[in-house]
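User: Hi! I am new to reading protein models and would like a close look at a single part.
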Amino acid sequence: MNHSKVQKSIFWPSIILIAVVTVLLVIFQKSAGPVLSGMLTSITFKLDWMFEFLTIGLFILLVWLMFGRFGQVKLGGINDQPEFSKFSWGGMLFTTSMGTSIMFWSIVEPLYYYTGPPFGIEGKTNEAAEYAVTYGLFHWGISAWALYALPAVVMAYSFYVLKNPSLKISSACRGVLGKHADGFIGKAVDVLVIWSMIGGLGTSLGLGVPMISAVLGNLIGIEPSLGLNIVIIIVWTIIFSSSAYFGLYKGIRRLSDFNVYMALGLALFVIIVGPTLFILSYFTNSFGLMFDNFWKMSLYTDPINQSGFPQAWTVFYWAWFAATAPFAGIFIARISKGRTIRELIFHVLLWGSVGSWLYFGVFGGYAMDLELSGKLSLTDIQAASGDPSVIVALLNSLPMPIIVSIFFVVLGFIFLATSLDSASLVIASVATKELKGEAQPARWHRLLWGVLLSALAISLTMTGGLDVVQTSSVLVSVPVLVMYVLMAISLVNWLKKNENNHIYVKKRETN
């Protein structure tokens, strides 16, 4: 396959930035942590309105694109056909974006809402229990995936319709930036995007490693430790580096397919052996509450009581998802050749939301049943021993706990590996000059980023600086807000300017 050359003006600044920031975080971790946390708190409280208006505004824009006259615009030439089946395509849409995060938060997040609910509701009451899974469905549903969908549409349009030979966010902003997309501003945007990807993956590792370490330690009878965490990261490196080496078609797609089957199998098992009727009934009730309160939750800032709930949860999530959205958008765009704008938006919102709702409905519902029925006080375990212990306790409460835990560990490895190998491909794509047709970045380039990601994770795990990387990645969401505006304006300008040159699927099929 014809691999394109590395773009040194993006590659080296990114490498240097990552190296310098990592060294500084290792050296000044104790002093940097509080400063960055303070900055994050300031952002979530002062820009809460901006993040919430951005997210709901993107959702409205996407609805207009889906059902408006541009919905049937084909993302590609007249002979371009989709490269993947809808199952493989949808699986990659979901697994590469979520990683182990959905496994972690679907279990522990409802417990936080139960003890510290929104809207001034008293904790650990029946009313609090009604919103425990409801808010999880909201945070990981349509709004979150709207943040991923817009960059995906803009990148796909730029790459497959306008034939811009690069998968860079700067190219997606060309409709506004013009010639500056190829200059300093464009390169600064791309370097910033690479850092946001690194930080987002740091967040996934920060959640996934302790979770897998706790479950694995429980299985083999040892306490989670730094050494065990490093072994887990090394195993992850081997899995996703192998997948990244084989590339998009032979590696990432197959790993993603296997991931989906395992995730569905685990959820189905819990529904069957758990309190089936309660899980189904509780999910239905929570789903209804979410839709009934969708606009209220979307624009909830609580300025009078100042509980801090929307800032600590909703605004933080929107900032985190916005920071990682360029990565998801670039990857989704890369696998969406031959689809229409409507099809792309619909499937990103559908696959992403349904996958998240399934896990929150099943695992969140099961966790709340254990808590409410008195079978197992997960909130006490959470307060005393932390979130990973909650996950271990929940798995041990299921039939055949050893087999279930082994399955959970394997799924966790594959979930994060799917995200990491996709990230290696995307980061290498951003740091590559041109990618035409089905070309992919060079194998050594993809593997290099995989090794760097692992080295970063190990060094920061050893020094305790992984939390600081997570925080710094969310801070990147502030300039990403500007990128969203630029991408939205670029897309609308392009669509109107090229209206007469578009390939409309309905027209082509009719002819």
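Which are the buried residues of helix 1?

Analyst: Happy to help! This is a predicted model, where local features need pLDDT of at least 70, side-chain atom pairs count only at pLDDT 80 or more, and totals for chains, interfaces and linings use all residues. Residues are numbered from 1 along each chain as its sequence is written, and side-chain values use heavy atoms, with hydrogens and water left out.

Now to your helix. Helices are DSSP runs of H or I with at least four residues, numbered from the N terminus. The buried residues of helix 1 are Ile-10, Phe-11, Ser-14, Ile-15, Ile-18, Thr-22 and Leu-25. They lie on the same side of helix 1, because they cover an arc of only 125° around the axis (the arc is that of the directions from the helix axis to the C-beta atoms). Buried means under 20% relative accessible area, exposed over 50% and partly exposed in between, with a 1.4 Å probe and protein chains only. The exposed residues Lys-8 and Ile-27 sit on the face turned away from the buried side of helix 1.

What about its length? Helix 1 has 20 residues (residues 8–27), so at 1.5 Å a residue it should span 28 Å, and this agrees with its end C-alpha atoms, which are 28 Å apart. The expected span is 1.5 Å times one less than the number of residues.

In the segment before helix 1 you will find Gln-7. Gln-7 is buried, with a relative accessible area of 15%. Its C-alpha atom is separated by 4.9 Å from that of Thr-432, although the two residues are 425 residues apart along the chain. Not counting residues up to four places away in sequence, Gln-7 touches Lys-168, Lys-187, Ala-431, Thr-432 and Lys-433, where contact means heavy atoms within 4.5 Å.

Technical notes. Helices (H or I, at least four residues) and strands (E, at least two) are DSSP runs, numbered from the N terminus.
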